[in-house]
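Student: Hello! I have a structure open on my screen and would like to learn how to read it. Could you take me through some of its features?

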Amino acid sequence: MNNEAKQVKQGEGAKPQTEPGRIGFQGEAGAYGHLACREAYPEMEPAPYPSFEDTFTGGKNGEVDLVMIPIENSLGGRVADIHHLLPESSLHIVAEHFQSVQHQLLAVPGATIEGVRHVESHVQALAQCRRFIRRLGAQPVTTADTAGAARHVAERRDPAIAAIASSLAGEIYGLDTLHARIEDHHANTTRFVVMAREPMRPDPVQRCMTSIVFRVRSVPAALYKALGGFATNGVNITKLESYIVDAGFTVAQFYAEFEGHVEHRPAQLALEELGFFSEDVSILGVYPAHPFRRGIGML
């Protein structure tokens, strides 16, 4: 189990202490990852990458100081492939950010909502605005990402084509908002983790989250036994997901998050028991719990 880290004192909900630099995100300018970077780290320069793999590589190679990675959405669930990439990235989770997803219907200046015949966006954005698109009577068109759809609409200059994207994308590509907040559920939120080359451990007296990955031994009830220490020590697991990591479909790796700091005695006891029944346990990060958690009744 890798527990080495340098101690960094931070206030509750604070972001990692860093000089203004660059923060990477996946997608084009105007993507929700870009918006998350700007809201969480307004002093840093956002740097776009075409894929998650490229984003992680940029962080690992020092092209950027931090990376902003989406891991789950309140409507769409977990982001595909992220849990495979996190353990292999050699980066550490140092913060979390909850980004409200507020979809806008964007079109070229002069376009009218009555004239829109096609709506372009990422498949998840289209799904999250399904009822609005149906009422509009437009044809949904899937694109690689929301910001890319906005750029394409701006380049086409066709008033019959609109994009579903962020208000930031509208600003960047010079589009008008024909209708704001078109998502079917206004509580739509994406949770991001912020990662860096070096781990940061917040003050143990503040509310913290810990993210880990582990593989249990191939014995009956291994997962039940491995997680028993969390129950007996009163450590709340807030997230537990599994995915297959071998070609024979026999080895599962688990990604888990729990409330607490690894320096808390209950967490230490829980991790000791987890380690006894596991082939491998790795700590991906210990970081301040975002204030958003208190607003929704967590922590």
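Tutor: Gladly! Let us begin with a term we need: two residues are in contact when heavy atoms lie within 4.5 Å. Keep in mind that this is a predicted model.

Student: Which residues of α8 meet which residues of α9?

Tutor: On the α8 side they are K225, A226, L227, G228, G229, F230 and T232, and on the α9 side A270, L271, E273 and L274. Sorted by class, this contact holds six nonpolar, three polar and two charged residues.

Student: How do I describe the way two helices pack?

Tutor: Packed helices are described by two things, the angle between their axes and the distance between those axes. Here, the axes of α8 (residues 222-232) and α9 (residues 265-276) come within 7 Å and cross at roughly 170°. Angles over 145 degrees count as roughly antiparallel, so α8 is roughly antiparallel to α9.

Student: Which strands do these two helices lie across?

Tutor: Helix α8 lies across β14, β15, β16 and β17, and runs at about 155° to β14. Helix α9 lies across β14, β16 and β17, at about 155° to β17.

Student: In what order do the strands of that sheet come?

Tutor: The order is β15-β16-β14-β17, an open sheet of four strands with antiparallel pairing. At the edges stand β15 (237-244) and β17 (278-288); each has a single partner strand, so one side of each has no neighbour in the sheet. On average, neighbouring strands are turned by 15° against each other, direction ignored. Looking inside the sheet, β14 and β16 (residues 252-259) run antiparallel and are joined by six bridges. M209, for example, has E259 in β16 as its bridge partner.

Student: And what about the sheet with five strands?

Tutor: That one is also open, ordered β9-β8-β10-β7-β11, and its pairing is mixed. Its edges are β9 (139-143) and β11 (176-180), each with a single partner strand, so one side of each is left without a neighbour in the sheet. From one strand to the next the twist averages 30°. Three bridges pair β7 (residues 104-107) with β10 (residues 161-165) in the antiparallel sense, and L106 has A163 as its bridge partner in β10.

Student: Which helix packs on that sheet?

Tutor: Helix α6 does, touching β7, β8 (118-122), β9 and β10, and its direction makes about 155° with that of β10. Within α6 (residues 146-156), the buried residues include T146, A147, G148, A149, A150, V153 and A154. The N-terminal end of α6 is capped by D145, where a side-chain oxygen lies 3.3 Å from the backbone nitrogen of A147.

Student: How should I read the side chains along a strand?

Tutor: In a regular strand, side chains alternate between the two faces of the sheet. Try β12 (residues 189-196): T189, R191, V193 and M195 point one way, while T190, F192, V194 and A196 point the other way. Are they buried or exposed? They are all buried, which matches the count for the strand, eight of its eight residues.

Student: Which strands pair with β12?

Tutor: Two to look at are β4 and β6. Strand β4 (residues 66-73) pairs with β12 in the antiparallel sense over six bridges, and I69 is matched there with V193. Strand β6 (residues 92-100) also runs antiparallel to β12, joined by eight bridges, with T190 as the bridge partner of Q99.

Student: What can I learn from phi?

Tutor: Most residues other than glycine have a negative phi. S90 is not a glycine, yet its phi is positive, about 65°. S90 is in the loop between α3 (82-88) and β6, and it is partly exposed at 46% relative accessibility. R157 has a positive phi too, near 60°. R157 follows α6, in the loop between α6 and β10, and is partly exposed with a relative accessible area of 47%.

Student: One last try: how many residues of α1 are buried?

Tutor: Seven of the nine residues in α1 (residues 32-40) are buried, so to speak a mostly covered helix. They are Y32, G33, H34, L35, A36, C37 and A40.

Technical notes: Residues numbered from 1 in each chain as written. Predicted model: local features only at pLDDT ≥ 70, side-chain atom pairs only at ≥ 80, totals over all residues. Heavy atoms only, no water. Axes fitted to C-alpha atoms, helices over the stretch in contact; angles between N-to-C directions. Parallel < 35°, antiparallel > 145°, perpendicular 65-115°, else oblique. Nonpolar A, V, L, I, M, F, W, Y, C, P; charged D, E, K, R; others polar. Buried < 20%, exposed > 50% of the residue type's maximum accessible area, 1.4 Å probe, protein only. Polar contact = N/O pair within 3.5 Å; in protein donor to acceptor, adjacent residues only side chain to side chain. Pairing = 2+ DSSP bridges.
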